[in-house]
Amino acid sequence: MPDMTEPAGLPRHCLPAGVDVERFSEAMATRGWLVIDRFVDEALVERMRADLDRAYVACRRLQVANGIALDTEGTLHHLVGQGDSFLEFIDRLAPLVPHFEAHFDGPFILNSFGGNILRASASYASAIHRDVRTYSRDLPLLLNSLLMLDDFTVRNGATMMMTGSHLDCPGRPSEEAFAARAEAATGLAGSLLVFDSNLWHAAGVNTTALPRRSVTPMFSRPMVKPQFDHPRAIGYGRMDSLSELQRQVLGYYSRIPATLEEWYQPPQRRMYRPGQG
Ligand SMILES: O=C(O)CCC(=O)C(=O)O
């Protein structure tokens with residue numbers, strides 16, 4: 001497996017003190033979530049906000065045209081390819097690669113990259129839900145993250161997390177059970193919420209007049225089918241222009257061959273490379 005911790009040509013970004021692999025793994029094993037304070041700098045957050053607003057126009061047009069406008073207001077999907085800042089965010093994950101690899105016990109890929117512009121009206125993200133359909137307590141299949149593009153406060157609808165529910169709540173909890181254990185994941189813009197996908201959560205209620213924006217990349221083991229074919233969407237031809245980390249995370253090393261020519265290749269040119277699990 002190539003070293004993915006320092007992609008060539010990129011500044012090295014650091015994690016806040018104390019967010020080491022051990023602490024991360026402990027948080028996942030107990031509470032099921034943690035917030036990494038100011039993971040991304042203000043300059044990138046600013047560009048992501050602008051890209052998010054542009055991408056929403058494209059997503060919303062299709063939601064409305066295809067008859068799924070109800071419940072999807074404010075939501076965005078598959079942002080990689082809809083703005084350079086989203087691709088840049090993949091490279092910013094470098095300091096977290098050891099943490100995520102420890103979680104999955106091996107390499108990982110992007111499963112989906114959505115977003116949410118939360119206003120007073122609610123979307124499906126405001127319902128109590130979790131993002132993995134198959135409860136898999138002891139075999140981590142998916143890992144959620146949420147990058148705060150605005151400060152997340154109780155007043156503007158910070159995500160509500162049912163702490164520990166990834167361990168003892170295989171079925172949907174009642175509203176009361178959820179409320180009894182739900183904690184607001186607050187943080188400053190640029191902070192990254194990471195949580196076990198088996199954990200029940202919901203967007204909070206935004207009682208302010210301003211939008212509360214986020215992007216929500218999810219990760220999985222490479223053997224789990226992603227929700228979007230990122231290499232095909234970006235183009236196989238662009239692989240050489242991507243960093244090592246982007247190739248790995250976008251799934252260029254875990255593609256599905258569609259021809260015998262693609263299948264019969266030496267290990268380092270295979271669509272699904274050795275070591276991907
Ligand atoms: O926007 C939020 O606070 C929640 C997002 C969410 O539910 C998700 O990423 O699954």
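# Exercises on a predicted chain

With 277 residues, a compact globule would have a radius of gyration near 19 Å, and the protein chain agrees at 18 Å. That radius is taken over C-alpha atoms, and the globule rule is 2.2 Å times the number of residues to the power 0.38. The model is predicted: local features need pLDDT of at least 70, side-chain atom pairs count only at pLDDT 80 or more, and totals for chains, interfaces and linings use all residues. Residues are numbered from 1 along each chain as its sequence is written.

## Exercise 1. The overall frame

Describe the protein chain by its spans, secondary structure, burial and contacts.

Step 1. Take the spans. Along its principal axes the C-alpha trace covers about 55 × 40 × 35 Å.

Step 2. List the elements. The chain has 9 helices and 9 strands. Helices (H or I, at least four residues) and strands (E, at least two) are DSSP runs, numbered from the N terminus.

Step 3. Check burial. Of the 277 residues, 42% are buried. Buried means 20 or more other C-beta atoms within 10 Å of the residue's own, exposed means 12 or fewer, and partly exposed lies in between; C-beta atoms are placed from the backbone.

Step 4. Check contacts. A contact needs C-beta atoms, placed from the backbone, within 7 Å. Among contacts between residues at least 6 apart in sequence, 82% join residues at least 24 apart.

## Exercise 2. The open sheet

Work out the strand order of the open sheet of 6 strands.

Step 1. Apply the pairing rule. Two strands pair if DSSP finds at least two bridges between them.

Step 2. Start at β1 (residues 33-36). Antiparallel β1 and β7 (residues 192-196) are joined by 4 bridges. Ile36 stands opposite Leu192 there.

Step 3. Go on to β4. It runs antiparallel to β7, with 5 bridges. Asn144 faces Phe195 across this pair.

Step 4. Cross to β9. Again 5 bridges join β4 to β9, and the strands run antiparallel. Leu142 has Ser220 as its bridge partner.

Step 5. Reach β3. β3 and β9 form an antiparallel pair over 9 bridges. Leu118 stands opposite Arg212 in β9.

Step 6. Finish at β2 (residues 75-76). Antiparallel β2 and β3 share 2 bridges. Leu76 is opposite Gly115.

Result: the order is β1-β7-β4-β9-β3-β2, with antiparallel pairing. β1 and β2 stand at the edges with a single partner strand each, so one side of each lacks a neighbour in the sheet.

## Exercise 3. Covered strands and a serine

Is strand β7 enclosed or open? Then place Ser145.

Step 1. Count in β7. Here 5 of the 5 residues are buried, so the strand is largely enclosed by the rest of the structure.

Step 2. Sort the directions. Leu192, Val194 and Asp196 point one way, Leu193 and Phe195 the other, and all are buried.

Step 3. Turn to β3. In β3, 10 of its 10 residues are buried.

Step 4. Place Ser145. It lies in strand β4. Ser145 is buried, with 21 other C-beta atoms within 10 Å.

Step 5. Name its contacts. Leaving out residues up to four places away in sequence, Ser145 touches Leu192, Leu193, Val194, Thr216, Pro217 and Met218. Ser145 and Val215 are 70 residues apart in sequence, yet 8.2 Å apart in space, C-alpha to C-alpha.

## Exercise 4. The nonpolar core

Which residues touch the most other members of the largest nonpolar core?

Step 1. Define the set. A nonpolar core joins buried Ala, Val, Leu, Ile, Met, Phe, Trp, Tyr and Cys residues through C-beta atoms within 7 Å.

Step 2. Read the result. Of the 62 residues in this core, they are Leu52, Met161 and Leu193. Helix α2 (residues 42-65) gives the most to the core, with 6 residues.

Step 3. Look around Met161. Residues up to four places away aside, Met161 touches Trp33, Ala182, Glu183, Ala185, Phe195, Leu199 and His201.

## Exercise 5. The ligand shell

Which residues surround the ligand?

Step 1. Use the cut-off. A residue is near a molecule if its C-beta atom, placed from the backbone, lies within 6 Å of it.

Step 2. Name the shell. The residues are Asn116, Leu118, Ala125, Asp131, Asn144, Leu146, Thr159, His201, Ala203, Ser214 and Thr216.

Step 3. Assign strands. β3 (109-118), β4 (142-148) and β9 (212-220) each supply at least two residues.

Step 4. Sort by class. The shell has 4 nonpolar, 6 polar and 1 charged residues. Ala, Val, Leu, Ile, Met, Phe, Trp, Tyr, Cys and Pro count as nonpolar, Asp, Glu, Lys and Arg as charged, and the others, Gly among them, as polar.

How values were computed. Two residues are in contact if their C-beta atoms, placed from the backbone, lie within 7 Å.
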